[in-house]
Amino acid sequence: MEDLLPFALLCFTSFFTLTNPLGTMPVFLTMTNGMNDHERKAIVRRATIVSFITLMVFTFSGQFLFKFFGISSNGFRIAGGFIIFKIGFDMLQARYSNAKLKEEEVKTYADDISITPLAIPMLCGPGAIANAIMLMDDASTLSLKGTLIGIIALVYFITFLIIQASTRLVRILGETGNNVMMRLMGLILMVIAVECFVSGLKPILIDILREAMG
């Protein structure tokens, strides 16, 4: 029990930070512009479920999958950096706010954005996946492993509540406020993407230099 509480706090703080539901709110609002509350709620539910299932898969089999496909978490971070940078650039240009969907296109579009980019890589990105794999390795007992799974479920439940509540901000922010927030968050996303890319590239470059000097 002495190790359980610190481990639970570590899991919650790290996953809540990496999932970043508050930072995802402006992205969600801009990409679902023109949709009703029922359609937005369906997107949030699908995105959080997909994120949780994806993270569970990597939590239990992450090391095996990386070895099987011959890839590394660093390569995953680099790819995730590219994706997040593209999202941030589109937000900076306010491209999502001008999207007008036909009624028959709404369901297809909603299914698409609920998986990418909302679920992957925003709510379940390379950082969250790497964190899950690392913490699962550190969880030496069944109680610690159960705590990890429970905390991940709790974080995504809180994420669902936060992003679902963000739909009410549409009326408060208005179109101008929404565009301003979108551009600011787009810039922040681009910075995060660069840091994600560098954090994945740096270890690779260090290994290359060591091999060259050795």
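Q: Is Ser72 buried, exposed or partly exposed, and where does Ser72 sit?
A: In this predicted model, Ser72 is partly exposed, because its relative accessible area is 33%, which falls between the 20% limit for buried and the 50% limit for exposed. Ser72 has its place in the loop between helix 3 and helix 4.

Q: And how far is Ser72 from Ile204?
A: Along the chain, Ser72 and Ile204 are 132 residues apart, while in space their C-alpha atoms are separated by 10.0 Å.

Q: Let's step back then, how many helices and strands are there?
A: The chain has eight helices and zero strands, and read from the N terminus on, the elements run α-α-α-α-α-α-α-α.

Q: What share of the chain is buried?
A: Of the 214 residues in the chain, buried residues make up 41%.

Q: Ok, helix 3: how does its span compare with that of a straight helix?
A: Helix 3 covers residues 37-69, which is 33 residues, and a straight helix of that many residues would span 48 Å at 1.5 Å a residue, but helix 3 spans only 40 Å between its end C-alpha atoms.

Q: Where is helix 3 kinked, and by how much?
A: The kink in helix 3 is centred on Ser61 and comes to about 80 degrees.

Q: What about the two ends of helix 3?
A: At the N-terminal end, Asn36 caps helix 3, with a side-chain oxygen lying 3.1 Å from the backbone nitrogen of His38. Just after helix 3 comes Gly70, which takes a positive phi of about 70 degrees.

Q: Which helix holds Arg46, and how far is Arg46 from Ser114?
A: Arg46 is found in helix 3, and although Arg46 and Ser114 are 68 residues apart in sequence, they are 6.1 Å apart in space, C-alpha to C-alpha. Arg46 counts as partly exposed, because its relative accessibility is 35%.

Q: Where does Asp112 lie, and how far is Asp112 from Ala47?
A: Asp112 lies in helix 5, and the C-alpha atoms of Asp112 and Ala47, which are 65 residues apart along the chain, are separated by 9.9 Å. With a relative accessible area of 46%, Asp112 is partly exposed.

Q: Switching topic, why is helix 6 called largely enclosed?
A: Helix 6 is largely enclosed by the rest of the structure because 10 of its 13 residues are buried. Among those buried residues are Pro126, Gly127, Asn131, Leu135 and Met136.

Q: How does the reach of helix 6 fit what is expected?
A: Helix 6 reaches 18 Å from its first C-alpha to its last, which is close to the 18 Å expected at 1.5 Å a residue.

Q: And how many residues of helix 2 are buried?
A: In helix 2, 10 of the 11 residues are buried, so helix 2 is largely enclosed by the rest of the structure. The buried residues of helix 2 include Pro21, Gly23, Pro26, Phe28 and Met31.

Q: What does the side chain of Thr32 reach?
A: The side chain of Thr32 reaches the backbone oxygen of Phe28 at 2.6 Å. Thr32 is found in the loop between helix 2 and helix 3, and Thr32 counts as buried because its relative accessibility is 0%.

Q: Which backbone oxygen lies 2.7 Å from the side chain of Thr19?
A: That is the backbone oxygen of Phe15, which lies 2.7 Å from a polar atom of the Thr19 side chain. Thr19 has its place in helix 1, and with a relative accessible area of 1% Thr19 is buried.

Q: What is the volume of the largest pocket, and which residues are closest to its centre?
A: The largest pocket has a volume of about 410 Å³. It is lined by 22 residues, and the closest to its centre are Leu18, Ile84, Pro121, Met122 and Ile192.

Q: Which helix gives the most to that lining?
A: Helix 8 gives the most to the lining of the largest pocket, with six residues. Several helices each supply at least two residues of the lining, including helix 1, helix 2, helix 4, helix 5 and helix 6.

Q: Last one, how many disulfides are there?
A: The count comes to zero disulfides, where a pair of cysteine sulfur atoms would have to be within 2.5 Å. As for individual cysteines, Cys11 counts as buried at 0% relative accessibility, and Cys124 is buried with a relative accessible area of 1%.

Methods
Residues are numbered from 1 along each chain as its sequence is written. Side-chain values use heavy atoms; hydrogens and water are left out. Buried means under 20% relative accessible area, exposed over 50%, partly exposed in between (1.4 Å probe, protein chains only). Helices (H or I, at least four residues) and strands (E, at least two) are DSSP runs, numbered from the N terminus. The expected span of a helix is 1.5 Å times one less than its number of residues. The bend at a residue is the angle between axes fitted to the seven residues ending there and the seven starting there. A polar contact is a pair of N or O atoms within 3.5 Å; within protein, one must be able to donate a hydrogen and the other to accept it, and residues adjacent in sequence count only if both atoms are side-chain atoms. On a 1 Å grid over the protein atoms alone, a cavity is a set of points where a 1.4 Å probe fits but cannot get out, and a pocket is an open set with protein on both sides within 12 Å along at least five of seven lines; lining residues have an atom within 4 Å of a point. Grid points are joined across faces, edges and corners, and a volume is the space filled by probe spheres set on the points.
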